Amino acid sequence: KALAATLDHPPLAAEPGMQHAFCDDGIVEDSGHWSGLASEEARRGMETAAAGARELFQQSGRPFLAAPYLINLGALDLSRGEALQAKASFAAALELLEASLPPDHPSLIVPLNNLGCAEQAAGDLEQAAIHLKRAAALQAKHLPRLHLRVAETARNLARNALLAKEPDAAAQIDRATALGVELLGELIRHG
């Protein structure tokens with residue numbers, strides 16, 4: 001419904017609740033991977049939605065509102081193994097947000113983490129570390145220590161340290177694992 005709305009009625013896509021494109025279960029094969037044709041169709045639709053959102057929100061004077069569309073497009077590309085395309089979408093979303101928000105705004109956390117993941121997947125471990133560490137610093141400022149996003153970024157930093165063969169990789173893995181286990185315990189106890 002969201003994808004159809006963005007293709008047929010771009011202004012409708014800007015309405016609350018229409019910021020994410022939902023895909024039919026039929027697009028995902030039993031293996032959990034997107035089928036080639038459906039994946040290309042979904043990407044084209046999401047790319048059209050992102051372009052429409054950028055144009056619409058640029059005209060409204062609030063271009064940063066297009067960031068979720070770019071983040072969704074980047075997430076699709078990353079799930080398809082297209083790290084460089086994902087990196088471009090996440091970087092564009094981050095650029096829109098940074099142009100409108102203070103440098104320590106919590107809305108920068110998701111695109112920073114996602115950009116770091118795309119850079120990691122593309123093999124640019126130095127840039128990945130920069131963006132993941134910046135996301136972690138913002139999380140430390142704005143989120144509780146036991147939070148799913150904090151655990152996710154800790155895991156991403158640990159993986160990056162391991163891939164980069166950093167001397168403290170084992171300590172980062174231990175920290176991320178301990179944080180994940182503690183968070184799981186809290187979820188089990190408190191739901």
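Before anything else, one term: a residue is called buried when its relative accessible area is under 20%. Hi everyone, thanks for coming. With that cut-off, buried residues make up 38% of the 191 residues in our protein. Please keep in mind that this is a predicted model.

Let's start with the overall fold. What does the protein have in the way of helices and strands? There are nine helices and zero strands. Reading from the N terminus, the elements go α-α-α-α-α-α-α-α-α, which makes my drawing job rather easy.

How do the parts of the chain meet? Take the contacts between residues at least 6 apart in sequence: 54% of them join residues at least 24 apart. As for the outside, the protein exposes about 10700 Å², and 58% of that comes from carbon and sulfur atoms.

Now let me zoom in on two residues, if you'd like to follow along on the structure.

Ala-53 is the one to click on now, and you'll find it in helix H3, which covers residues 36-59. Is Ala-53 buried or exposed? Its relative accessibility is 4%, so Ala-53 counts as buried. Who touches it? Setting aside neighbours within four places in sequence, Ala-53 is in contact with Gln-58, Ala-66 and Tyr-69. If you want a distance to check on your own screen, go to Phe-64, 11 residues from Ala-53 along the chain. The C-alpha atoms of that pair are separated by 9.8 Å.

Then there is Asn-114, which sits in helix H6, residues 109-121. Asn-114 has a relative accessible area of 17%, and because the cut-off is under 20%, Asn-114 is buried. Not counting residues up to four places away in sequence, Asn-114 touches Ile-71 and Phe-90.

Last stop: the pockets. Why do we roll a probe over a model at all? A probe the size of a water molecule, rolled over the atoms, shows where empty space is left. Here, the largest pocket has a volume of about 250 Å³. Which helices supply at least two residues each to its lining? Helix H7 (125-142), helix H8 (148-163) and helix H9 (169-190) each do so.

The lining of this largest pocket counts 14 residues, and those nearest its centre are Ala-136, Val-150, Ala-154, Leu-157 and Arg-175. Sorted by class, the lining has eight nonpolar residues, three polar ones and three charged ones.

That's my tour, and I'm happy to take questions over coffee!

Key:
Residues are numbered from 1 along each chain as its sequence is written. This is a predicted model: local features need pLDDT of at least 70, side-chain atom pairs count only at pLDDT 80 or more; totals for chains, interfaces and linings use all residues. Side-chain values use heavy atoms; hydrogens and water are left out. Helices (H or I, at least four residues) and strands (E, at least two) are DSSP runs, numbered from the N terminus. Buried means under 20% relative accessible area, exposed over 50%, partly exposed in between (1.4 Å probe, protein chains only). Contact means heavy atoms within 4.5 Å. Accessible areas come from the Shrake-Rupley method with a 1.4 Å probe; for residues, only the protein chains shown count as cover. On a 1 Å grid over the protein atoms alone, a cavity is a set of points where a 1.4 Å probe fits but cannot get out, and a pocket is an open set with protein on both sides within 12 Å along at least five of seven lines; lining residues have an atom within 4 Å of a point. Grid points are joined across faces, edges and corners, and a volume is the space filled by probe spheres set on the points. Ala, Val, Leu, Ile, Met, Phe, Trp, Tyr, Cys and Pro count as nonpolar, Asp, Glu, Lys and Arg as charged, and the others, Gly among them, as polar.
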